[in-house]
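Colleague: I would like to learn how to read a few features of a structure like this one, going from a helix to an interface and then to charged pairs. Could you take me through them slowly?

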Amino acid sequence: MEEKLSLQEWIDLAETKKISFGDFCIDFQAKELEIDKKVLLERMEDMLHVMEQSVAIGLTGIASMGGLVGGNGKKVEVYRSESTDKSVVGSVMSKAIMIALAVGEANASMGRIVAAPTAGASGTLPAVLFSLAEARGFSMGELGKALIVAGAIGMVISSRASLSGAAGGCQAECGSAAAMAAGAAVELYGGSPEQVGQAVAITLKNMLGLVCDPVAGLVEVPCVKRNAGAAAQAMVAAEMALAGICSVIPVDEVIDAMAAVGNAMSCTLKETAQGGLAVSPTGILLANKLFAKVES
Amino acid sequence: MNIFDVIGPVMIGPSSSHTAGAVRLGNLALAILGEGVKEAVIGLHGSFAQTYRGHGTDLALSAGLQGWATDDTRIPKSFDSAKEAKFDISFSTINLGDLSHPNSVRFWLTGVNGNKCIVTGASIGGGRVVVTNIDDFPVEFNGDFPAILTMHRDRPGAIALVTSILSTQGVNVAQMKVFRKQKGGLAAMIVETDQPIDDAAFEVIGKLPHIQSVRRIQLV
Ligand code: SF4
């Protein structure tokens with residue numbers, strides 16, 4: 001077994017060095033990978049470009065392989081463009097919703113995406129990063145650094161818990177994606193390393209217990225819309241952390257709790273399509289229809 | 001685990017296990033065959049059998065057998081290019097038994113030069129894969145390292161000769177495993193290495209005594 005990583009340990013190191021968590025992560029990861037910091041950032045910017053293309057694919061409104069999702073990112077785009085006072089959540093979050101759906105739909109239709117941390121949860125990070133970038137004009141370099149923060153958070157979650165729905169439920173996929181995005185958002189808004197940790201802890205607490213129950217076993221329902229929910233959770237937590245709100249339960253303990261909840265979760269709720277929405281009457285009906293198509 | 005396992009890989013959706021993993025299994029099967037595929041008969045087991053259409057697993061396997069990477073945007077159209085290349089591919093569902101991983105696949109491959117092989121593998125999550133059987137030899141390897149696969153006579157010194165060639169080329173052995181069915185019969189060996197194995201070493205190994213065939217497996 002690899003040694004468990006600790007997010008608090010990294011946060012403390014950054015605080016003692018009096019540098020931002022992003023700068024700490026770049027130094028640390030570049031050393032770990034034995035590559036130049038510039039190269040690391042460039043590779044992250046490449047990922048961001050792929051993400052931008054995924055958004056564009058999704059916004060064409062294409063339909064998914066299983067035919068259960070598609071066109072919803074586009075719907076939000078149209079709704080947003082009609083008038084600003086129509087939005088319940090405001091322009092930034094509505095943009096995040098649009099991007100999350102678009103990337104989720106691009107993924108479901110065999111488009112090219114960045115698994116971050118997984119394909120099913122690939123809409124969450126682009127949603128948060130690009131909607132905030134539009135609001136505040138962040139550069140690709142700044143977004144790349146935020147992506148490294150997100151990656152570092154994901155590494156800790158992976159080492160203490162899991163990033164896969166099959167092992168830990170959707171809390172491990174969309175929950176982790178949201179936690180990573182929340183940390184990235186705090187970094188972008190100039191929050192302290194400590195605040196990055198608080199945002200991660202708050203996000204995961206709010207998504208604890210989320211089950212993985214894909215209809216017909218496909219990464220379509222509920223996955224695509226869950227990415228929009230995850231993006232919103234990330235922004236809510238980042239806002240709290242930046243306001244100075246602390247999680248009562250420390251971040252590493254929250255991650256460990258998520259691992260324990262994942263282990264306690266029934267196998268029917270971990271990607272097997274044998275529980276939750278997958279076995280709702282409509283879920284079963286849709287699955288039967290799709291499997292009949294396979295047989296014929 | 002490094003940061004690019006979390007932010008990445010770049011891949012064609014929708015599923016790292018059912019799509020990206022399927023491409024990689026195709027890549028590995030192609031490398032094991034050692035030549036272009038002329039005909040592939042593919043059996044899908046478990047969740048692969050149930051959900052392959054919705055995940056594009058069939059398209060992904062075909063893409064992998066054509067040597068494409070997991071982020072190749074041609075993957076959704078891989079059947080068209082297979083048809084153009086006169087590469088014949090067919091799918092059915094099979095039951096490999098309860099002990100098999102739910103995302104398992106078996107390939108019966110015939111190459112352009114008439115070589116044949118039967119490869120079984122599984123996609124075990126996050127795009128990671130494992131090959132579990134080659135031509136009835138239970139094996140275990142994942143393509144993370146450059147590797148060579150030999151089929152050889154089980155004779156004293158057969159293995160030492162291979163590793164000595166590698167060491168003279170400065171190639172370090174990371175892991176190796178030998179499988180045989182009976183003493184003195186045909187054996188399979190997988191040598192995973194830290195450095196890629198160059199053409200010269202590869203050719204010399206193929207000419208060693210007792211070696212029946214050798215394949216080089218190098219994924220990106
Ligand atoms: S429900 Fe399952 S398959 Fe869908 S996004 Fe969540 S973890 Fe992934």
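Colleague: Which residue takes a positive phi just after α10(A)?

Modeller: Helices (H or I, at least four residues) and strands (E, at least two) are DSSP runs, numbered from the N terminus. Just after α10(A), the residue with a positive phi, of about 90°, is G209(A). Before we go on, note that this is a predicted model, in which local features need pLDDT of at least 70 and side-chain atom pairs count only at pLDDT 80 or more, while totals for chains, interfaces and linings use all residues. Residues are numbered from 1 along each chain as its sequence is written, chains are lettered from A and ligands numbered from 1 in the order in which they are written, and side-chain values use heavy atoms, with hydrogens and water left out.

Colleague: What span should the 15 residues of α10(A) have, and how far apart are the end C-alpha atoms?

Modeller: The expected span of a helix is 1.5 Å times one less than its number of residues. For helix α10 of chain A (residues 193-207) that gives 21 Å, and the end C-alpha atoms are 22 Å apart, which agrees.

Colleague: How many of the residues of α10(A) are buried, and which elements do the buried residues pack against?

Modeller: Buried means under 20% relative accessible area, exposed over 50%, and partly exposed in between (1.4 Å probe, protein chains only). Twelve of the 15 residues of α10(A) are buried, so this helix is largely enclosed by the rest of the structure; among them are P193(A), Q195(A), V196(A), I202(A) and M207(A). With contact taken as heavy atoms within 4.5 Å, the buried residues of α10(A) pack against α1 (7-17), α2 (21-33), α7 (140-160), α9 (170-188), α11 (223-242) and α12 (251-264) of chain A.

Colleague: How many residues does the contact between chain B and chain A take from each chain, and what area is buried there?

Modeller: Buried area is the accessible area (1.4 Å probe) that two parts lose on being put together, summed over both. Between chain B and chain A it is about 2700 Å², of which carbon and sulfur atoms give 70%, and the contact takes 30 residues from chain B and 42 residues from chain A. In chain B, the residues that lose the most area to chain A are I3(B), F4(B) and I7(B), together 25% of what that side buries.

Colleague: How many residue pairs are in polar contact across the interface of chain B and chain A?

Modeller: A polar contact is a pair of N or O atoms within 3.5 Å; within protein, one must be able to donate a hydrogen and the other to accept it, and residues adjacent in sequence count only if both atoms are side-chain atoms. Across the interface of chain B and chain A the rule finds seven such residue pairs, both residues being at pLDDT 80 or more. On the side of chain B that touches chain A, the elements giving two or more residues are α1 (3-6), β1 (10-12), α2 (16-33) and α3 (47-55) of chain B, and α3(B) gives the most, with seven residues.

Colleague: Which residues form a salt bridge between the chains, and how far apart are the closest N and O atoms?

Modeller: A salt bridge is a side-chain nitrogen of Lys or Arg within 4 Å of a carboxyl oxygen of Asp or Glu. Across this interface the rule finds one, and a search of the whole structure finds 13 over all chains. The interface pair is R112(A) and D71(B), at 3.6 Å from N to O. The pair crosses from strand β1 (residues 112-114) of chain A to the loop between α4 (57-65) and α5 (78-84) of chain B. R112(A) is partly exposed at 22% relative accessibility, and D71(B) is partly exposed at 26%.

Colleague: Where do D144(B) and R24(B) lie?

Modeller: D144(B) and R24(B) form a salt bridge whose closest N and O atoms are 3.6 Å apart. The pair links distant parts of the chain, 120 residues apart, with D144(B) in the loop between β7 (137-141) and β8 of chain B and R24(B) in helix α2 of chain B. D144(B) is partly exposed at 43% relative accessibility, whereas R24(B) is buried at 17%. R24(B), R128(B) and D144(B) are linked in a network of salt bridges.
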